[in-house]
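Visitor: Got a minute to walk me through a binding site?
Guide: Sure, pulling it up now.

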Amino acid sequence: MHTIGNFIAGSFSPAHGGRTINDYNPATEAILATIPRSQGEDVERAVNAAHSAQDEWSKLTLEQRAHWLDKIADALEHKSEQIANTESRDTGKPIALARRVDAARSVSNFRFFAEFGRQQTQQTFQMEDALNVVHRSPVGTVGLITPWNLPLYLLTWKVAPALLMGNTIVAKPSEVTPLTAHLLAETLLELELPKGVFNLVHGLGPEVGQAILEHPGIKAISFTGGTETGRIVARTAAPMFKKLSLELGGKNATVVFADADMEKAVEGAVRAAFTNSGQVCLCGSRIFIEEEIVEQFTRRFVEKVDAIRVGNPMDEETEMGTVISPEHLLKIESYIDLAQKEGGVILTGGTREMTGYNGPDGTGAFLRPTVVGNLPHTSRCATEEIFGPMVTLHTFSTEQDALEMVNASEYGLAGSVWTSDIERGQRFSTQIDSGIVWVNTWLHRDLRTPFGGVKNSGVGREGGQWSLDFFSELTNICIKDSDEN
Ligand code: NAD
């Protein structure tokens with residue numbers, strides 16, 4: 001166990017008042033670290049440090065900042081194994097997944113934005129008698145608040161474009177998974193990033209998170225987390241006219257048409273349902289199956305789910321680790337109970353039992369991947385975000401029928417459609433209320449594309465140009481030609 005500090009003005013320090021919070025490993029329930037339980041005073045210090053660094057950082061050229069991003073990517077790449085290991089212990093996710101997804105993407109977020117930044121050209125609009133030049137400036141000090149499911153992956157997805165565009169940062173990772181954010185701070189210290197450019201304050205959402213939202217010196221908030229917290233963020237920050245990006249919850253649909261390649265659709269639906277124990281905001285937790293193939297699809301889907309190896313996150317062969325915490329496990333189990341009360345049938349899973357590892361004393365937030373049939377698509381289990389390894393199966397008879405069921409959700413983040421008729425795939429995708437739709441694949445990401453949701457899944461887009469737009473202010477400079485010309 002170790003004690004980690006806030007990272008403010010280039011050095012580590014405890015919280016104002018010295019209070020701490022324990023950080024646990026959800027597989028063993030051992031304490032991994034204590035973190036500062038920061039308060040408004042810590043945010044104040046972090047904002048002051050960021051403001052002091054703003055001028056110097058924003059005066060660098062885009063190329064110089066892109067070079068910084070490359071240096072950070074190299075340093076993180078060097079620590080890939082440490083990142084994967086830390087993330088696996090902090091979240092309970094399989095080490096192989098942490099390596100393939102979390103560590104790799106944390107590096108590529110910096111590399112991608114460095115390269116993307118270099119490709120930018122100044123936008124101009126020529127008139128008959130004048131030239132418009134679009135000038136980008138940094139927003140200033142920005143607040144970045146992130147969740148526990150993909151800790152460093154999602155934090156770096158915001159840090160990289162924010163730094164690139166010349167902003168200074170006050171970041172707050174989830175109190176449940178603070179370790180890789182600390183690792184990033186250590187890395188930036190080693191690289192000697194100018195002091196105060198990146199500041200990290202740890203602690204509880206309603207305390208330190210709220211202080212970030214309320215601080216008048218923070219000009220933009222990029223938030224990823226739950227929809228209910230998103231409402232608080234909007235309620236607090238919008239009246240202050242802060243720029244806001246809200247990446248919130250989801251209840252995504254996987255739609256399987258009868259003409260889909262069965263093998264690929266089953267494989268894709270299982271991956272979409274249970275990657276990271278179903279704790280990816282993009283996970284497909286409602287599966288809609290065309291009636292001709294319901295029996296066949298369900299049998300093969302359940303067989304494949306049964307074969308998922310749940311176990312010790314540190315074991316290379318493990319395919320699914322724990323959920324994030326014992327409290328979250330209880331929440332998911334309450335939905336399993338509810339599913340049965342609502343008339344659902346557990347087709348597989350629903351229990352903590354499994355072969356293999358259950359933590360040293362049979363502890364650990366492990367749950368078998370759970371598939372529920374026979375529930376109406378309007379039931380609570382099929383409409384509320386559970387954010388765990390539990391999915392519901394539903395049947396549809398026509399395209400229209402499927403569309404109505406998919407759109408009968410207050411969320412609209414992502415979805416996947418499985419069909420061999422690409423025209424139908426495209427047509428159907430445009431009618432889903434959703435920010436992202438995959439056809440015959442899932443979580444296939446090009447970092448240049450817009451990422452974000454509609455309805456209760458959020459406001460705004462991240463990715464490529466959209467991230468650069470969020471993290472910069474635009475000034476249009478209209479220059480009139482001189483009369484001699
Ligand atoms: P959460 O909303 O509980 O917490 C997210 C962050 O907000 C944490 O750092 C938390 O400490 C902070 N927070 C909590 N209360 C706050 C307040 N009053 N003011 C400021 N900050 C506050 O979410 P979580 O449980 O950590 O993550 C799971 C949720 O995140 C799920 O709903 C999931 O769908 C969503 N998510 C969305 C995306 C996306 O891109 N749309 C990606 C990942 C996760």
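Guide: Here is a short chat about the ligand and its surroundings.
Guide: This is a predicted model, where local features need pLDDT of at least 70, side-chain atom pairs count only at pLDDT 80 or more, and totals for chains, interfaces and linings use all residues. Residues are numbered from 1 along each chain as its sequence is written, and side-chain values use heavy atoms, with hydrogens and water left out.

Visitor: How many residues surround the ligand?
Guide: 30 of them, counting a residue if one of its heavy atoms lies within 4 Å of the ligand. The closest are T146, E175, T229, L248 and E385.

Visitor: What does the side chain of T229 do with the ligand?
Guide: An N or O atom there is 2.6 Å from a ligand oxygen. The side chain of E385 also has an N or O atom 2.6 Å from an oxygen of the ligand. For Q210, a side-chain N or O atom is 3.1 Å from a ligand nitrogen.

Visitor: And how much of the ligand does the protein cover?
Guide: 90% of the 850 Å² of accessible area that the ligand has on its own, by the Shrake-Rupley method with a 1.4 Å probe.

Visitor: Switching topic: which helix gives the most to the shell?
Guide: α7, with five residues. α7 (205-214), β11 (220-224) and α8 (227-237) each supply at least two. Helices (H or I, at least four residues) and strands (E, at least two) are DSSP runs, numbered from the N terminus.

Visitor: Which domains does the shell draw on?
Guide: At least three residues come from each of domain 1 (2-248 + 457-476) and domain 2 (252-439), with bounds from an automatic or database domain assignment.

Notes
Polar contact = N/O pair within 3.5 Å; in protein donor to acceptor, adjacent residues only side chain to side chain.
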